[in-house]
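Trainee: I would like to take a close look at a single part of this model, and then to see the setting in which that part sits. Could you walk me through it slowly?

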Amino acid sequence: MSATLSARIIEFSTTGGMLRAVLVRALVVLLCVGLLAPIVVVVVLSFSGDGYMRFPPESFSFRWYERFLGDHRWRNAILNSVLVAGMTCVFATFLGFLAAYAMVRGGFRAKGAVTAFLLAPLIVPHVVTAIGIYYLSSKWGLVGVRPWIAVSHAVVALPVVLVILQSALRAVDPNLERAAMIFGCDRWGVFRRVVLPLTLPAVVSAALFSFLTSFDELMISLFLAGVRAETLPVRIWNSLLLEVEPTIAAVSTLLIGVTVIALLADWGVRQYRARALPDTTKGP
Amino acid sequence: MPLGRLGAFLLLGPSLLLLVLVFLVPIGWFITGALGELGSFADIREEAVAVLGSRAVLGAILNTNWIAFLVTVMVLLIGYPVAYALTRAKGIAFTLILVCIILPYFTSVIVRTYAWMVLLGRNGLINQALLALGIVDAPLDLMYNRLGVVIGMTYVLLPYMVLTLYSAMKAVDPRLLQAAEGMGASPLRVFLKVFLPLTLHGVIAGALIVFILGIGFFITPALMGGPSDIMIAMLIEREIELTQNWPTAALMTLVLLAVTLSLYAVYQRFANQTEGLAP
Amino acid sequence: MPRDGQEGAVDPAILLEALTKRYGAETVVSDVNLAIAPGEFLTLLGPSGSGKTTTLSMLAGFVIPDAGRVLLGGRDVTRAPPRVRGLGMVFQNYAIFPHLDVFENVAFPLRVQKRPQGEVASRVADALALVKLTGFERRYGRQLSGGQQQRVALARAIVAQPSVVLMDEPLGALDKNLRYHMQVEIKEIQRRLGMTVVYVTHDQEEALTMSDRIAIMNHGRIVQMGPPRAVYERPESSFVGRFLGEANLLPASGATVLGGRPVVADAGAAPADGGWLFVRPEKVALTAGTEAAGPNALPGTVRHASFLGNVVRYAVEVGAEEPLLCDAANAPGIAGFVPGDAVVASWSAADCRLLAD
């Protein structure tokens, strides 16, 4: 089905059949709506004023938000999530920058193996990572300790940071760093005066996405949170096991909102980077 | 300014240390420690045969592969046209399609799963609509069964496929298609003989990554599946949460890890870039 | 200034002693010895991969040599980091900092030295005036043409008044007219400030125009060094002859070429086998005729005549593997030849050399 479909798309692009064009567009629009619809539905439902879930809602209200924010366990979960994500973000971005710089500028063998290892947390099932860390944490009394959850989240956030920063650092002409050195900078000076200003937008992106990775993470948190450090996704999980209720729509909308803000901020930063900091490796 | 070997090591050190201490060692320790509880190597082997040969585990392994396969096929069928549309789209259309892929991609898996639970539940929006329109008389079972799992996982994994395919399709020189067209090939032939072969490595890479992520899935099947949709990751979690049976969990983890890592090694051959995995 | 390249008259500004660099099994710079006098403009000239850029990098401190020493003003800096060497440098792609405007780019060396604002302002203004970029202070690199970026790079290299300025193919990215223009300007500034310049290029014309001395490198070694005229007219190997402009190289054994034609050269001696006779095309004269009389004369047939503007270049078939090139001035009163004409090519003993390899 997909094959003939795509063939139609090609056919359209080359011969311009009107009917096919309409069909193809309709299909793509349908698929895209399908992709976005579940998220939109959740957001709309969160503002429902009805007693049960009905779409579209007959009335609108903030009652689910009131219930959400009025519950101290949910409020604690927000606090936990923000604290853990904040720590993860600082931790992963800092370590990731150093590693990305080493990967881009370093001359050493086994770069491929190091890359595969650093990206492995993206591939290894999160259940496995989570249980491994839980096994160690339960022995050392680290369950429910927020900084430790942040360190664990940094494991899965690090690859994200690495990918973003490596591509940003590759766009920095090594001659700019040489120029800074010849004009009197030590390593720190090169970093502060040249490398950091040129990669700042990417550092912001990396920080945003590492924050988001932690903020949305469920698997590791589920094992490590205990009762003391429940994050938002963990509380959603625990609630969902009981019932699908609209309060969760309000919580979900908060998470979606954070994602949207992070994506918009990243978009803004990318616009800035494209405008102000051209790829300097492409020569004059 | 190139770094010396020492400089590179010092900068990589903290990250490597993090991954070794909070990733490699814990997983390794969990597996060896839990298996060690069983005693000698012979005991472990005996236990392995018993555990991996049990109906529950065999069933879960079968389920896992079958569900991951179904999801991969679904994701490919939906992802291919969307990726193609994204490749061809310009301006505002491009942005809109991209938003439809990126926004779900970066939304928490638990939120995305919840959204489908709202839609597919017995009193969910789809059943409400179907009942209201008189299409069905009684609510359909769209969730807590295999259908629900496949729908939910397809939704969660779709962006990986689209982004991988997109980077493969973007690399195809459109002039090649025009040339084939100019030589009189029918659109179907152009697709089958030129475009598909040129994007096949993307299809394989995308299918592998979706399958790899699929067999390790936990959240969506746990929330949307029924009693007969137990996947291996869920079984591992249950062994620990409910029965504290670490050795059995370790054996199953070993199997899951081995399959994942070997597929990843194959994936590496097809994907020369990691951009498909992260922003 | 050491126009003729006498070394040792003054303390050298730069001294490279037995400099060697290996990457794995490959020796990219091998036993390079070089003394550069204060105020001298020295060019490292060679094809890509000849080791000239690596030599410059060791001088700058980006690469640490495996053996040998680098001395700047008598101070051993072999293993010192770039920042303490007090050099200025112009990079191949200019390396203008994209996040800083022209003023801050030029001010960069002074900022690093934490000079007072007033001094920074006046010295940047002076440097920009010198490269004729006054008024461009607030522009960014991407808003400048290639030539303007080149000037910014130059101003930044000289603003801290370093005694030595390194230039790594600084004109490589410019088009031909602009290149010539910049050659003249760089030379002018160098003379005015009395800077010592080490200039790396693979462009032989640029090297001939600008340098006080040229060091020609091949396979990691300096194969010949001297003032432009000397290396152009008196190459010591076929490589140097061929690399610096057009050259006729005829296989020579002893004092004969092409199986017995006698040659007389004021300089050099070819071995019995595998040697070369070298003569520049502009030193070869053509006369109509078929009989060659005496040494340094070859009969032949004009195969091709190319009009190059100020000269006409003839390719004359003389029985060698490649035709003999001969440049005749495009001056009034000089009759041209056409392909097929029988001619005798001749040159004087002072204008040719016998080379051993």
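Mentor: Before we begin, one term is needed: a residue is called buried when its relative accessible area is under 20%, and exposed when that value is over 50%, with partly exposed in between. Please also keep in mind that this is a predicted model.

The part I would choose is helix α4 of chain C, which covers residues 146-158 and so has 13 residues by the DSSP runs used here. From its first C-alpha to its last, helix α4 of chain C reaches 19 Å, which is close to the 18 Å expected at 1.5 Å a residue. With the term from above in hand, we can say that α4(C) is mostly covered, since eleven of its 13 residues are buried. Among these buried residues are C:Gly147, C:Val152, C:Leu154 and C:Ile158, and the list also includes C:Gln149, C:Gln150, C:Arg151 and C:Arg156.

What do the buried residues of α4(C) pack against? Within chain C they pack against β6 (87-90), α2 (102-112), α3 (117-130), β7 (164-168) and α5 (176-193), and together with these comes α8 (174-182) of chain A.

Looking at chain C as a whole, the domain assignment gives domain 1 (14-230) and domain 2 (246-355). The centres of domain 1 of chain C and domain 2 of chain C, taken over C-alpha atoms, are separated by 39 Å.

Chain A, which supplies α8 to the surroundings of the helix, has twelve helices and zero strands. Its C-alpha atoms fill a box of roughly 70 × 65 × 35 Å along the principal axes, and buried residues make up 56% of the 284 residues in chain A. Among the contacts in chain A with a separation of 6 or more, 70% are accounted for by residues 24 or more positions apart. Chain A exposes about 11400 Å², of which carbon and sulfur atoms supply 67%, and the mean positions of its 24 positive and 15 negative charges are 9 Å apart.

Chain B, to finish the picture, likewise has twelve helices and zero strands, and its C-alpha trace spans about 70 × 70 × 30 Å along the principal axes. Of the 279 residues of chain B, 53% count as buried, while the chain exposes about 12100 Å², with 70% of that area supplied by carbon and sulfur atoms. The mean positions of the 14 positive and 13 negative charges of chain B are 17 Å apart.

Technical notes
Residues are numbered from 1 along each chain as its sequence is written. Chains are lettered from A and ligands numbered from 1 in the order in which they are written. This is a predicted model: local features need pLDDT of at least 70, side-chain atom pairs count only at pLDDT 80 or more; totals for chains, interfaces and linings use all residues. Side-chain values use heavy atoms; hydrogens and water are left out. Helices (H or I, at least four residues) and strands (E, at least two) are DSSP runs, numbered from the N terminus. The expected span of a helix is 1.5 Å times one less than its number of residues. Buried means under 20% relative accessible area, exposed over 50%, partly exposed in between (1.4 Å probe, protein chains only). Contact means heavy atoms within 4.5 Å. Domain bounds come from an automatic or database domain assignment. Accessible areas come from the Shrake-Rupley method with a 1.4 Å probe; for residues, only the protein chains shown count as cover. Lys and Arg count as positive and Asp and Glu as negative; His and the chain ends are not counted. The place of a charge is taken as NZ of Lys, CZ of Arg, CG of Asp or CD of Glu.
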